[in-house]
Each structure stands twice: as structure tokens, then as C-alpha cells.
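Reader: I've got a new model open and want to get a feel for how its pieces pack. Please walk me through it.

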Amino acid sequence: MTNYFQKELIEGLWRLISSGRKILIISHTNPDGDAMGSVTAMKHFLLSKKKESVIAIPNNYPEYLGFLDPDKKILIYKKDGAAIDEYLSGCDLIIALDFNQLKRVDELEHSIRKSKAKKILIDHHPSPEEAFFDLVVSTTETSSTCELLYWLLISIEELLNSDKPANLSSATADSLYVGLVTDTNNFSNSVLSGTFRMASDLLSLGVDRERLQHNVFGGFTESRMRLLGYLLQNKMVILPEYGAGYIILTKEEQREFDFNEGDSEGFVNMPLNIRGVNISALFTESEDNIRVSLRSIDDFSVNQMARNFFNGGGHERAAGGKLFIPIDKVPEYYKVSLRKSFENIKKGLLLMLIFVILFPSCTKQDRDVQIGQQIKEIDTYVRSAVNTGKRLVVNNGSSRVVINEGAGDSLMVGDSVFFDYAGYIFQSGLGTLFDTNVETIADITGINIYNRGFDYGKAVVGRGMLIKGLDWGLLGAKSGEQAYIVFPTNLGFSNKDVGLVPKMSPLIYEVWIKEIKKN
Ligand code: 5GP
Ligand code: MN
């Protein structure tokens, strides 16, 4: 597994970490076991390398994870904002763990955006905010951020001490184990073979499995257990027509059962234990919104559902978000979101069926044939643009049709670019919109596509920060230029389904270049 990473990546990661003198480690709001496990593991690792670091999170962690912060050194923006900002002013490296978009750190976002420090992101959610970070290690092919972090730390150890087996301190191993068991819900979901390999390695490193197991999945208060009983008996609702269930936990009930942050850990999984229930939601009323937790088994994407209906996101089978409606409207809203989600799936299936009819099977050879076909279609498309007098630029197989010319310096490898963009699936022109940073365009689809906020796209070009077709297609553009950049799937997401983009889709981006900064 450790050779899973390219040597250059590990070297680059270590270079950034080792040159950091004052390091801030951050994770997302309402931190869970994976967030707390990964930040504390990183802190222990840095300590073993004699590096100064501080952990900052937007709001407090649940009480049951308190054992990860025995001397209460973790800073919480809600109460330690000034101290965090002060630390940030002299900080030269920020390591962000277990979230994809910076808005996931809520109040902390502004301070992080302002900081001049180098920034690393290590995460396992889809759609990371790549342009903001100097180095991104992101894959959804891992159970947890802690698992990803484990393999990275082991790889760093191997890089530094190639002559002996990699070692991590038992404190680091304990923290990593916590993220592993919480994000997999005690090895029941998102488990890959590497997950068990890691668990086995951690036991060899001396993890106190029994103690951690009790801390994470036991050690509840009596009132929490009684609340669970009450909810199962009185509040769990099953909707057989959708194969779904849900629980609503009101503020009044929280008061009555002496509810603490973290007490509801695991509640959302309960309806999934019922035969025929594949989708589950927990709605927790809080001061100014309703927190939404979603889980699924089977192939239902709660990530998509959270993005479309609950102002959130997450993973395919575990996601969450927020609602800003009266609590008594939640049952109806949930039903509508289920109905619409199933309608969207039907539409998607139809699209897939059309794809399958067009491209019946998908061996490597067939993929090459598809790519050849796409190149031809793109060629026809750009030729017709050229015939209307538009300028065409082709870089490494990515075609750029210039709609409005810009002026000034041309964008070269290593230069920074700020641009607005809208990405579509190429269907002899603009097909389905799948990503944009422009709010008015996103509005047309009726959904806030990535729930990301609407900043400029920003990147250093030719450095692999963007997908290849865009990275290369932008070369030579000038400030003020508006263009279409079209490329076949091998310069896009290739044989992978990504968000709204089905595998093997050719892509077309409309871009508006706002500013170029020469290297
Ligand atoms: P939980 O249900 O445990 O609170 O969250 C499950 C997963 O959903 C988290 O690991 C995180 O990936 C995602 N998630 C939860 N809340 C939000 C949210 O408000 N926004 C986004 N984008 N993701 C969320
Ligand atoms: Mn996680």
C-alpha cells in the first residue's frame, strides 16, 4: 500500500512539513472521530519530528472524544479566536484534515483564507478545493482521513529511514485508530482491504484497542441510553415507500434528556438495521438551524442528496448538512427530497442507458475507441467555430476556441490565473452543467452545485492543479479572454464517475480570464 503514493508526492509533502516552523493543524466544524483522530495524530507525529504545532477547530468536539485532548490544548475558534488569529500571524504552514471545502471550517474560514502560510490538505471527501492549497492529497478510495494519513506518515517514515521498518508513536497510532473505527462505524462500512491492514499494523504498534473501543462506542451516560430508547420507541418514523427512515430530535427533548454534543453519535444508523430500510436521516434541532445527518446502504448517494436538498455534502453513504426551516416542516421536506432524489436517479439511469447503448462495453481497447470518437466530435465542433472566424489554440490535445480576445501577457506554465468557469459535459456543444464558480450560472440549474461559495477559480497553470484538459487548455490565454476549452475524457476524469459527470465523458469549459500573474 505504501508504494500507492508516488515518491515525488511524499517528498513534496515532507519538504513542506519539514520546512514549517510554526504549524497550525485544522479540521471541520462539529468535529467527529476522524477529524479529531487525524488532527491529534498529526500533532503527535509533528512532535516526534520536533515541530511546533497547534490544533484549532471551529467549535468544540463532543465530550466522548475528550480523551484525545487530555491536557485541553486544542484551541476552539468560538472561544479562543484571538489566540488562534495571533498564532496564525506567525504561522508558516497550515495542515487541513478531513474536509474538502474551506467553508466547512465556518468562522475559521476567514482567518485561514487571509493567511500567507503554505497550506496542505489531506482528505477523503469528493471535490476538494484544490486551487486554495499548495499541496492536496485527496482520495475517496479510503475509509477515513486517518487511514489516508496513516499511509502517508508510514511513507514519510520509509522515506526518512529506508533501512528500518516504519514506526509511529503509540499516541499517533491511538489517534489514527479512533478515526478508523468511527468513520467505518466500527468496521461496518467504507471498509477496504487496506483498512484491515492498517488496523492490524496499528495493533502491532501497541494500540490499546479495548480502551479505545470503550471510549468511542461505550462509556455513555445513562441519559443518553434512555434518550436512544425513547427515540426508537416514539420518534423513529419508517417510510416503506422510499425504503427510508428518520428521527427528529427537538431542543425540548435535548433538554429533557440532558443532551450533550456527541450523545447522538450512532443514532442515525439505527433505522438502517431494519429490513427494507436503506436510507436514514437524523434531524437535530439546534439554536439557529437543524443539523442533518444522512446515511445509506446500497447505492443511494446521500452525498448528492445532501448537496441538492440539505445545504451540505459528504460521502456517498454518509453525509450531512443544515436546514433552515421550522422543525414541524421537516417530515414533509424529507419526503419531497426523497421523491426528487429518486426522480433524479431515474433520469441518470436513462442517461446511462443511452451511454451504454452508444458505448456497449468498456475494455481498454473500447475506451481508446471512445476517446478516438470524442476527438473526432471535438474536431468537428472546433472546425465549425474556426469557420465562423474564431481563433483556435490546441495544447496537448486540449482545444481552446477563443470567443473574445484578451490583451496583455500570455499565460505560461508556472503563471497564476484567476478565472470564472462553467464546466459542462461535451455533447457536440454544452451538455449538462456539472461545476461552476459563477452563482448566476449555478442558479440556472436550481441547485447550488458544490455548495462551495463563489470565489474565482485560481490556479498555477501547467502544474497539475487542474484537470489536464483545463490545465493545458488555458496556456496562452490573456487577461479578459473568454473561451471554450474542449477535451476528450482522457484529459478529464477518464474512467471514473465524478460528481455529476459519468465516466468517459468529454468535457467543455467556458472560461473568463480575470487576471494573470506572471511567475
Ligand atoms: P455526520 O452525519 O456524522 O455529522 O456527518 C457525516 C459526514 O457528512 C461527515 O463526515 C461530512 O463528510 C459530511 N457532512 C456533515 N455535515 C456537513 C455539512 O454541513 N456540509 C458538508 N459539505 N458536509 C457535511
Ligand atoms: Mn472523515
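Reader: Is the crossing of H6 and H7 left-handed or right-handed?
Author: H6 and H7 are helices, that is, DSSP runs of H or I with at least four residues, numbered from the N terminus. A crossing is left-handed if the near helix is turned anticlockwise from the far one by less than a right angle, and right-handed if clockwise. For H6 and H7, the crossing is left-handed.

Reader: Before we go on, what kind of model is this?
Author: Residues count from 1 along each chain, chains are lettered from A and ligands numbered from 1 as written, and side-chain values use heavy atoms without hydrogens or water. Local features need pLDDT of at least 70, side-chain atom pairs 80 or more, while totals for chains, interfaces and linings use all residues, since this is a predicted model.

Reader: How do H6 and H7 run relative to each other?
Author: Their axes come within 10 Å, with H7 spanning residues 193-204, and they cross at roughly 150°. Because of that angle, H6 against H7 counts as roughly antiparallel.

Reader: How many charged residues sit in the contact of H6 with H7?
Author: On the H6 side you'll find Ala173, Leu176, Tyr177 and Leu180, which meet Thr195, Met198, Ala199 and Leu202 in H7; contact here means heavy atoms within 4.5 Å. By class there are seven nonpolar residues and one polar, and the number of charged ones is zero: no charged residues.

Reader: At what angle do H2 and H5 pack?
Author: The axes of H2 and H5 are 9 Å apart and the angle is about 15°. That makes the two helices roughly parallel, and H2 passes H5 in a right-handed crossing. So the packing angle to note for H2 and H5 is about 15°.

Reader: Which residues of H5 does H2 meet?
Author: From H2 come Asp34, Gly37, Ser38, Ala41, Met42 and Phe45. By class, the H2 and H5 contact has seven nonpolar, three polar and two charged residues. In H5, the partners are Thr145, Cys146, Leu149, Leu153, Ile156 and Glu157.

Reader: And how far apart do the axes of H5 and H6 come?
Author: H5 covers residues 145-160, and its axis crosses that of H6 at roughly 145°. The H5 side of the contact has Cys146, Glu147, Leu149, Tyr150 and Leu153, facing Thr172, Ser175, Leu176, Gly179 and Leu180 of H6. Those residues divide into six nonpolar, three polar and one charged. As for the axes of H5 and H6, they come within 8 Å.

Key:
Axes are lines fitted to C-alpha atoms, for helices over the stretch in contact, and angles run from 0 to 180 degrees between N-to-C directions. Angles under 35 degrees count as roughly parallel, over 145 as roughly antiparallel, 65 to 115 as roughly perpendicular and the rest as oblique. Ala, Val, Leu, Ile, Met, Phe, Trp, Tyr, Cys and Pro count as nonpolar, Asp, Glu, Lys and Arg as charged, and the others, Gly among them, as polar.
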